[in-house]
Every structure is written in structure tokens, then in C-alpha cells.
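Dear colleague,

Please find below the structure that I am handing over to you. I should be grateful if you would look through it alongside the notes that come after it.

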Amino acid sequence: MAPAPALTPAEPEAAGIEPASAPMAEASLFAEFADNPSPVAIPDTPSSAAVALPADWDNLRAEVAACQRCRLCETRTQTVFARGNPQARWLFVGEAPGEQEDLQGLPFVGPAGKLLDNMLAALGLDREQDVYIANVLKCRPPRNRNPQGDEILACQPYLRQQIAWQQPAVIVALGRFAAQTLLDTEASIGSLRSKVHEYAGVPLVVSYHPAYLLRTLPDKAKAWQDLLFAREVMRRQG
């Protein structure tokens, strides 16, 4: 699949998409991840060899639940596999579970999840039917610290298999760790936004993590434009 031609942020409006105001959640001081300006470092080691993954979703979920490939298995309450429709055309990829996700076993169920739900609803998307939501990491890092390179490396085969089986029409990477992992880059969110990237032949759009938006109010408008942009990319896919 050839990469889609680059769009600009103004093009969704030119295509007839009205930039309606999203019913955003109220702001809070919730911070799911500590700020860390350093890029994700994924080491190239023998442990990066592909994991032999099971042949269906239930087995893959069970494989993740029993995973002990990194230190996070020692501190998690439970793994967080995914949520939504695995046959949906939209895939949203976050970074790592937070406290509520670790307790409930589902991604984006805390305050950041409520904000994401509101943004999806503003696009006319049902969280359970129209989208599939997964994280780079399936286990919560202690105290919601940033994911570390070897942890990302250990979890990558699971996310890759989820994407391969889902075959989404568009991927939205939420946050720096999701974007840098999927695109294998150390570039900043600012430099990656408003462009059509590609992951395994699938168009990919980068936006901010909802937890970041809850503590950085001015960037909510930018994130809404990112979703309008992603919707236009989806429309171009037919």
C-alpha cells in the first residue's frame, strides 16, 4: 500500500468537515505519566526476537495475561489487553495502563478515558463498536512512571499481532511513547502531528495522550483538530 499523500491541518475543513466543539471533560490535575523529555530507547538485543503468538484472540489474551517477559509482571494487578471491536476500522493506541486500568483490566477507564470517550462521541464514534483501543504496554508501570525501553520491547509482539489481526483502516497514536514505538522514531509529538505516517501499510495519525490534555488545556483544541484530520484520512481510505 502506497503512503497516502500528505494532508495539511486545514484540509478537513476544505473537505466539508465542520470543526464542531467537542463536549470535552472538565479539566483536572490528573497526571497519568510523569513528564520525561528523553526519547524512548528500544535496545537491539537478542530478546527482540519475535514471540510465537497463538492463533486466535482468546489465546492471545490468555498469553498476555500470563506474560512474564518483563519486570512489570511482578507489580501489576492484572494485564490490560484491549477494549472495543477488534474488527473496527479505527485503532487507538495509548501508552500504558494507569491505576484504574490496572484495577479494571480495561484501557482508558479513568479521567483520561472519559475525555477520550467525549472526543470519540463528538466524532460520532461508539467506543465499543466503532473503535478498538489498545496500549503499547499491557501492564501498569509502578506509580505510573514512563514506560522503559525493555518493557516496550517485551510487549511489542502482542501489539503487532493485535494490529495484524484487526487490519484497521487508520491508526491514531496517542502520546509520545505510542507514536515513537509505532513509527520507530525519536521525533517529538509536535513534529509528528498533522502528517499522515504509515505503520505496516496502515495510515497513522499522531495526537496527544488524553492524560496530557487534562493538564495542558490549550492543546485540547489541537487534539480535536488531530481527530478531524484522522477522520479525513479515514474518508480517503473509502
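The notes below cover two helices, one acidic residue, the aromatic pairs and the salt bridges. Please bear in mind that this is a predicted model.

Helix 5

Helix 5 covers residues 149-166, and its 18 residues reach 25 Å from the first C-alpha to the last, close to the expected 26 Å. The helix bends by about 40 degrees at Cys155, and Pro157 follows within four residues. Of its 18 residues, 14 are buried, so helix 5 is largely enclosed by the rest of the structure. Just after this helix, Gln167 takes a positive phi of about 55 degrees.

Helix 9

Helix 9 (residues 220-237) also has 18 residues, for which a span of 26 Å is expected at 1.5 Å a residue; the end C-alpha atoms are 26 Å apart, in agreement with this. Its buried residues include Trp224, Leu227, Leu228 and Phe229, and also charged side chains, among them Asp226, Arg231 and Glu232. Gly238 follows helix 9 and has a positive phi, near 85 degrees.

Salt bridges

A search of the whole structure finds 8 salt bridges. In one of them, Asp150 pairs with Arg71, with the closest N and O atoms 2.4 Å apart. This pair links distant parts of the chain, since Asp150 belongs to helix 5 and Arg71 to the loop between helix 2 and strand 1, 79 residues apart. Asp150 is partly exposed, with a relative accessible area of 32%, and Arg71 is likewise partly exposed, at 35%.

Arg71 also meets Glu151 in a salt bridge, at 2.6 Å from N to O. Here again distant parts of the chain are linked, with Arg71 in its loop and Glu151 in helix 5, 80 residues apart. Glu151 is buried, with a relative accessible area of 0%. Arg71, Arg145, Asp150 and Glu151 are linked in a network of salt bridges.

In helix 9, the side chain of Asp226 meets that of Arg193 in a salt bridge of 2.9 Å, N to O. Arg193 lies in the loop between helix 7 and strand 5, 33 residues from Asp226 in the chain. Both Asp226 and Arg193 are buried.

Glu101

What is the position of Glu101 with respect to salt bridges? This residue of helix 3 (residues 99-104) is buried yet has no salt bridge; Arg127, the nearest side chain of opposite charge, is 6.9 Å away. A polar atom of the Glu101 side chain does lie 3.0 Å from the backbone nitrogen of Val109, and the backbone nitrogen of Gly110 lies 3.4 Å from a polar atom of that side chain.

Aromatic pairs

The structure holds 5 aromatic pairs. Trp57 and Trp165 form an edge-to-face pair, 5.3 Å centre to centre, with 70 degrees between the planes. Trp57 lies in helix 2 (residues 57-65) and Trp165 in helix 5, so the pair ties together parts that are 108 residues apart in sequence. Trp57 is partly exposed at 24% relative accessibility, as is Trp165 at 28%.

Trp90 and Phe92 form a stacked pair, 5.8 Å centre to centre, with 10 degrees between the planes. Trp90 is buried at 7% relative accessibility, and Phe92 is buried at 0%. In addition, ring pairs link Trp57, Phe81, Tyr132 and Trp165 into a cluster.

Yours sincerely

Technical notes. Residues numbered from 1 in each chain as written. Heavy atoms only, no water. Helix = DSSP H or I, 4+ residues; strand = E, 2+ residues; numbered from the N terminus. Expected span 1.5 Å × (residues − 1). Bend = angle between axes of the 7 residues up to and from the residue. Buried < 20%, exposed > 50% of the residue type's maximum accessible area, 1.4 Å probe, protein only. Lys, Arg positive; Asp, Glu negative; His and termini not counted. Salt bridge = Lys/Arg side-chain N within 4 Å of Asp/Glu carboxyl O. Polar contact = N/O pair within 3.5 Å; in protein donor to acceptor, adjacent residues only side chain to side chain. Phe/Tyr/Trp six-rings, centres within 6.5 Å; stacked < 30°, edge-to-face > 60°.
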